[in-house]
Amino acid sequence: MPSVLDQYEARAEAARKEFAEHPAVLELGSPQTESRLFLQWHYRYCLHGVHVTRDMQRVIERAGARSRDAGHDSVGEGLIKHARGETGHDRLMVDDARSTAALLGARGGVVLDTEDILASAPALPSAARYNALFERLSGGTEPVCTVAALYEMEQLSAGFAVDLVINCKRTMGDDASRFTFLDEHVVVDVGHIALDRRMLETALTDRPPLLDAMVEAGTEVLASYAEFVGECLELARADLAADQAR
């Protein structure tokens, strides 16, 4: 009989396949994506991604502390350790939004009111969906299920994020200071996959009945993130269309 972790992996494949086949994911990861559109997408991604990253350290720390209190000692400690790695990611996105705006300005691209959007724009619906998931997981009856959502997101750093960085270099040049958020995730987060997998295995071995909830958490995080990158892509298209219509 497959281990409970193997059962999770098998059941998670449907959500991973759906993410990989999402139209926005396919377009943004393609080397054929038009450079102007990709650059405008990266600008929007950073502007609105601040909402996705700002509270991650807090919610993961809460999940870790509550998991530990519930008796998942090693997983709780692992989550708290993971949370420390989220420090400053929102600042990376702020810096990347500003540097992308400068590059767009130099190339005659579409530059919005960067500082106003960063300071006061509400979260996109997709970002709110993503945040609500982590709030629900970390504050719910089984906070340890946060591990599944993190595991699925970390795996994107070894796949989708690699394709994004390739396109960043193609459209912005090799200077990674222009896309620090994505570059750091490709370099650093790959090392977190093994840790998250061990935490997931430990949690599922200790509590096999959590399998359904873990699969649900992993499925929802991928769906909400695909929606987020897609929403940013549609905003980028609208920016370019409005500029062309002037």
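**Exercise 1. In which helix of the chain is confidence lowest, and in which is it highest?**

*Solution.* The model is predicted, with local features requiring pLDDT of at least 70 and side-chain atom pairs pLDDT 80 or more, while totals for chains, interfaces and linings use all residues. Residues are numbered from 1 along each chain as its sequence is written, and side-chain values use heavy atoms, leaving out hydrogens and water.

Step 1. pLDDT is the predictor's confidence in each residue, from 0 to 100. Helices are DSSP runs (H or I, at least four residues), numbered from the N terminus.

Step 2. Confidence is lowest in helix H11 (residues 180-206), at a mean of 85, and highest in helix H2 (residues 23-29), at 98.

Step 3. The chain average is a pLDDT of 93, and 98% of the residues score at least 70.

**Exercise 2. Determine which residues touch the most other members of the largest nonpolar core, and which helix gives the most to this core.**

*Solution.* Step 1. A nonpolar core is a set of buried Ala, Val, Leu, Ile, Met, Phe, Trp, Tyr and Cys residues joined through side-chain atoms within 4.5 Å. Buried means under 20% relative accessible area, exposed over 50%, and partly exposed in between (1.4 Å probe, protein chains only).

Step 2. The largest such core has 80 residues, of which Tyr8, Trp41, Tyr45, Met214 and Val229 touch the most other members. Helix H12 (residues 211-245) gives the most to this core, with 14 residues.

Step 3. Contact means heavy atoms within 4.5 Å. Leaving aside neighbours within four places in sequence, Met214 is in contact with Tyr8, Val144, Cys145, Ala148, Leu200, Ala203 and Leu204.

**Exercise 3. Characterise the packing of H3 against H6, and of H1 against H9.**

*Solution.* Step 1. Axes are lines fitted to C-alpha atoms, for helices over the stretch in contact, and angles run from 0 to 180 degrees between N-to-C directions. Angles under 35 degrees count as roughly parallel, over 145 as roughly antiparallel, 65 to 115 as roughly perpendicular and the rest as oblique.

Step 2. Helix H3 (residues 35-53) and helix H6 (residues 89-107) pack at about 160°, with axes 8 Å apart; H3 is therefore roughly antiparallel to H6. Among the residues that meet are Tyr45 and Cys46 in H3, and Met93 and Ala97 in H6.

Step 3. Helix H1 (residues 4-20) and helix H9 (residues 146-156) have axes that come within 12 Å and cross at roughly 50°, so H1 is oblique to H9. The contact is made by Tyr8, Glu9, Ala12, Arg16 and Phe19 of H1 and Ala148, Tyr151, Glu152, Gln155 and Leu156 of H9.

**Exercise 4. Establish whether serine 224, serine 67 and arginine 207 are buried or partly exposed, and what each touches.**

*Solution.* The contacts below leave aside residues up to four places away in sequence.

Step 1. Serine 224 lies in helix H12 and counts as buried because its relative accessibility is 0%. Its contacts are Ser126, Arg129 and Tyr130.

Step 2. Serine 67, in helix H4 (residues 56-69), likewise has 0% relative accessibility and so counts as buried. Serine 67 touches His72, Gly76, Leu79, Pro143 and Val144.

Step 3. Arginine 207 lies in the loop between H11 and H12 and, at 31% relative accessibility, counts as partly exposed. Arginine 207 touches His72 and Glu142. Its C-alpha atom is separated by 9.5 Å from that of valine 4, 203 residues apart along the chain.

How values were computed: Helix = DSSP H or I, 4+ residues; strand = E, 2+ residues; numbered from the N terminus.
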